[in-house]
Amino acid sequence: MDDGEVPRYPPRPMRSSRRPRSLLAFLSGAIVVVLAGGACSLDRQPRIAVPDGIPPGPGVTIPPIDINAPGRSADQLQDWAAGFAGSIGIGITALEAYGYAAAVMAETNPACGIGWTTIAGIASVESGHGTFGGSTVGSDGQVTPKIRGIPLDGRPGVAEIPDTDGGTMDGDTEYDRAMGPLQFIPETWKIWGVDANGDGVADPDNIDDASLTAARYLCARGGDLTTPEGWQLALLAYNLSGEYLSLVRDRASAYSVGVRP
């Protein structure tokens with residue numbers, strides 16, 4: 001790409017006293033000029049730089065909402081989410097859930113400062129925003145079919161966690177499995193699980209409940225997530241892996257500037 005100035009529009013063909021051999025030849029030449037000018041203009045379009053620092057940016061500002069509104073409170077963010085969900089590759093319902101979780105924490109634990117982008121980054125890595133294995137996210141936030149991880153049976157690279165819930169939550173009576181779009185194990189869900197969609201049930205397979213639960217857990221573990229130290233501490237508590245932390249950061253940072261990871 002050179003630094004020469006590119007004209008805003010393709011140059012008009014110069015007038016000639018000679019008649020073109022055919023209308024088709026004339027049009028073909030004009031098309032080449034237009035396409036060449038358009039390609040040059042496209043090449044000159046600035047690429048959006050994705051920050052690589054920690055923490056990732058907060059992304060599009062969440063409008064004021066009533067976090068205690070009856071029913072699925074996250075529905076208040078439909079217009080907000082619809083405005084840019086497509087450009088970042090996240091379903092509207094899932095994006096509403098992340099925004100609502102961040103809004104709740106902003107009101108109930110403002111010292112945390114967690115952004116919806118961080119929750120989205122984790123959900124992207126954990127389950128593709130509730131779409132892993134062909135699952136879908138319903139308008140009520142319910143993810144079906146349920147997403148379950150592998151048995152935590154101590155195989156190489158896997159923690160060993162014998163069953164803690166009798167299989168009632170994860171369907172496995174021998175070992176625990178991570179559950180839902182944010183991949184909580186039963187033991188952690190029992191402590192932190194919360195109802196966020198107003199149906200009276202804290203359900204790890206509901207993206208509203210799972211997103212707010214993740215936000216609460218991260219804030220409790222990291223403290224001030226607007227600092228590099230706090231954000232890193234929170235993410236390592238979620239998954240003790242530097243590679244995981246970097247992957248979440250990269251995706252959250254992409255969302256923060258409005259592009260797909």
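**Entry 1. Terms and model**

I take helices to be DSSP runs of H or I with at least four residues, numbered from the N terminus. On that basis I record that α4 gives the most to the lining of the second largest pocket, with five residues. I note at the outset that the model is predicted.

**Entry 2. The second largest pocket**

I looked up the volume of the second largest pocket and found about 360 Å³. I then listed its lining, which has 28 residues, with P58, A102, G113, I114 and G115 the closest to the centre. I checked which elements give two or more residues to this lining, and they are α4 (92–108) and α5. I sorted the lining of the second largest pocket by class and obtained 18 nonpolar, nine polar and one charged.

**Entry 3. The largest pocket**

I turned to the largest pocket, for which I note a volume of about 840 Å³. I find 24 residues in its lining, and E126, A178, Q183, Y238 and N239 lie nearest its centre. I record α5 and α8 (228–238) as the elements that give two or more residues to the lining of the largest pocket. I divided the lining residues of the largest pocket into 17 nonpolar, five polar and two charged.

**Entry 4. α5 against α9**

I next examined how α5 packs on other helices. I find helix α5 (residues 116–127) and helix α9 (residues 242–256) packed at an angle of about 125°, with their axes 8 Å apart. I therefore class α5 and α9 as oblique to each other, since angles from 65 to 115 degrees would count as roughly perpendicular and those over 145 as roughly antiparallel. I note that the crossing of α5 and α9 is right-handed. I list W116, T117, T118, A120, G121, I122, S124, V125 and E126 as the α5 side of the contact, and Y244, L247, V248, R251, A252, Y255 and S256 as the α9 side. I count nine nonpolar, five polar and two charged residues in the contact of α5 with α9.

**Entry 5. α5 against α8**

I asked which residues of α5 and α8 make their contact. I first note that α5 and α8 pack at an angle of about 25°, with their axes 13 Å apart. I therefore enter α5 and α8 as roughly parallel to each other, the limit for that class being under 35 degrees. I find a right-handed crossing of α5 and α8. I can now name the residues in contact: T118, I122 and E126 of α5, with W231, L235 and Y238 of α8. I assign four nonpolar, one polar and one charged residues to the contact of α5 with α8. I observe that E126 and Y238, both in this contact, are also among the residues that lie nearest the centre of the largest pocket.

**Entry 6. α7 against α8**

I closed with the other partner of α8 on my list. I find that the axes of helix α7 (residues 207–222) and α8 come within 8 Å and cross at roughly 120°. I therefore describe α7 as oblique to α8. I record the crossing in which α7 passes α8 as right-handed. I list A214, Y217, L218, R221 and G222 of α7 in the contact, together with G230, L233, A234, L235, A237 and Y238 of α8. I class the residues in the contact of α7 with α8 as eight nonpolar, two polar and one charged. I note that L235 and Y238 of α8 appear in the contact with α7 and also in the contact with α5.

Conventions:
Residues numbered from 1 in each chain as written. Predicted model: local features only at pLDDT ≥ 70, side-chain atom pairs only at ≥ 80, totals over all residues. Heavy atoms only, no water. Axes fitted to C-alpha atoms, helices over the stretch in contact; angles between N-to-C directions. Left-handed = near helix turned anticlockwise from the far one by under 90°. Contact = heavy atoms within 4.5 Å. Nonpolar A, V, L, I, M, F, W, Y, C, P; charged D, E, K, R; others polar. 1 Å grid on protein atoms, 1.4 Å probe; cavity = no way out; pocket = protein on both sides within 12 Å on 5 of 7 lines; lining within 4 Å. Points joined across faces, edges and corners; volume = space filled by probe spheres on them.
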